[in-house]
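The report below reads one protein chain from its overall fold down to individual side-chain pairs. Please keep the sequence and the model in view while reading.

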Amino acid sequence: MPIAAAALDGILNLRNVFLALALAALVLFSFYTMAKNRGALGKGRSNDLFYEVPGKNAAACRAALGTRAQEDLFAYRLDAAANGGWRITFTRHVPTDQILDTTYLLQFAGDDPARIWLKFLGEAFGQRESVIPAALLDAFFAAKLAAVPVDPFDGAPDDTPNGSAT
């Protein structure tokens, strides 16, 4: 028995116990924050963003997006998608000159007023979430189209930016 106690003394010392507890606390904290961030999307929201463009139809919105302006918040590419929507790829954040490669599927859900559905497709390096905050996309579509974020679950203009907790 004294041999077993001497062998365990080298393994179960106080320093190793505290190290194991600290590691366990770090893992639990990371799971907690991931769950909290997942729940922050609010009532049934996902990574999809929704906008309404008062006074414009889908054709006018498409024309406005096809016209690049020097004051645009992002440099972007707009290509037709196979399903009838548009693939919009943001390539650069103009004010900071930050290079991006973030792709969304843009579809028009209504025509008068135009309703836009923006679905995140992917990042260049396979990230699951967009590196572009929803508030920046809200600002881009507000400046470009005078679009307002809407809550797709009640259809009314949303008083919080897309993707934020309610």
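From the N terminus on, the elements of the protein chain follow the order α-α-β-α-β-β-β-β-α-β, which comes to four helices and six strands. The model is a predicted one, and its confidence varies along the chain: the average pLDDT is 78, with 73% of the residues scoring at least 70. Among the elements, helix H1 (residues 2–11) has the lowest mean pLDDT, 58, whereas H4 has the highest, 93. Over residues 39–45 the pLDDT is below 50, although this stretch has 21 contacts in the model beyond near neighbours in sequence. Where pLDDT is low, the predicted coordinates should not be read in detail, and the contacts of residues 39–45 are therefore not pursued here.

Of the 166 residues in the protein chain, 29% are buried. Among contacts between residues at least 6 apart in sequence, 53% join residues at least 24 apart.

**The nonpolar core**

In soluble globular proteins, nonpolar side chains tend to be buried together. Here the largest nonpolar core has 25 residues, and those with the most contacts inside it are Phe-90, Leu-118, Leu-137 and Phe-141. The elements that give two or more residues to this core are strand E1 (49–53), helix H3 (58–66), E2, strand E3 (86–93), strand E4 (98–111), strand E5 (114–123) and H4; the largest share, five residues, comes from H4.

Two of these core residues can be followed through their contacts. Phe-90 has its place in strand E3 and is buried, with a relative accessible area of 0%. Leaving aside neighbours within four places in sequence, Phe-90 is in contact with Phe-74, Ala-75, Tyr-76, Leu-100, Asp-101, Thr-102, Tyr-104, Ile-132, Leu-137 and Phe-140. One of these partners, Tyr-104, is 14 residues from Phe-90 in sequence and 8.4 Å from it in space, C-alpha to C-alpha. With the same neighbours in sequence left aside, the contacts of Leu-118 include Asn-47, Asp-48, Leu-49, Tyr-51, Ile-88 and Tyr-104, as well as Leu-137 and Phe-141.

**Aromatic side chains**

A search of the whole structure finds nine aromatic pairs. In one of them, the rings of Tyr-76 and Phe-140 have their centres 5.4 Å apart and their planes at 80 degrees, so the pair is edge-to-face. This pair links distant parts of the chain, since Tyr-76 lies in strand E2 (residues 74–80) and Phe-140 in helix H4 (residues 134–145), 64 residues apart. Both residues of the pair, Tyr-76 and Phe-140, are buried. They also belong to one aromatic cluster, formed by Tyr-51, Phe-74, Tyr-76, Phe-90, Tyr-104, Phe-120, Phe-140 and Phe-141.

Charged side chains also meet aromatic rings in this model. Arg-68 lies over the face of Tyr-76, at 4.2 Å from the ring centre, and Arg-62 lies over the face of Trp-86, at 4.0 Å from the ring centre.

**Salt bridges**

Side chains of opposite charge can pair when their charged atoms come close. A search of the whole structure finds four salt bridges, and the table lists those between named residues that are discussed here.

| Salt bridge | N to O distance |
|---|---|
| Asp-72 and Lys-144 | 3.0 Å |
| Arg-77 and Asp-79 | 3.6 Å |
| Arg-92 and Asp-97 | 3.0 Å |

Which parts of the chain does the pair of Asp-72 and Lys-144 link? Asp-72 is in the loop between H3 and E2, while Lys-144 is in helix H4, and the two are 72 residues apart. Asp-72 is buried, with a relative accessible area of 10%, and Lys-144 is likewise buried, at 13%; each value falls under the 20% that marks a buried residue, which means that both charged partners count as buried.

In the pair of Arg-77 and Asp-79, Arg-77 is partly exposed, with a relative accessible area of 42%, and Asp-79 is partly exposed as well, with 33%. Arg-92, which meets Asp-97 in a salt bridge, is also partly exposed, its relative accessible area being 28%.

Helix H4 thus recurs in several parts of this account: H4 gives the largest share of the core, holds Phe-140 of the edge-to-face pair and carries Lys-144 of the salt bridge with Asp-72.

Notes
Residues numbered from 1 in each chain as written. Heavy atoms only, no water. Phe/Tyr/Trp six-rings, centres within 6.5 Å; stacked < 30°, edge-to-face > 60°. Buried < 20%, exposed > 50% of the residue type's maximum accessible area, 1.4 Å probe, protein only. Lys NZ or Arg CZ within 6 Å of the ring centre and 35° of its normal. Core = buried A, V, L, I, M, F, W, Y, C linked by side-chain atoms within 4.5 Å. Contact = heavy atoms within 4.5 Å. pLDDT = per-residue confidence, 0-100. Salt bridge = Lys/Arg side-chain N within 4 Å of Asp/Glu carboxyl O.
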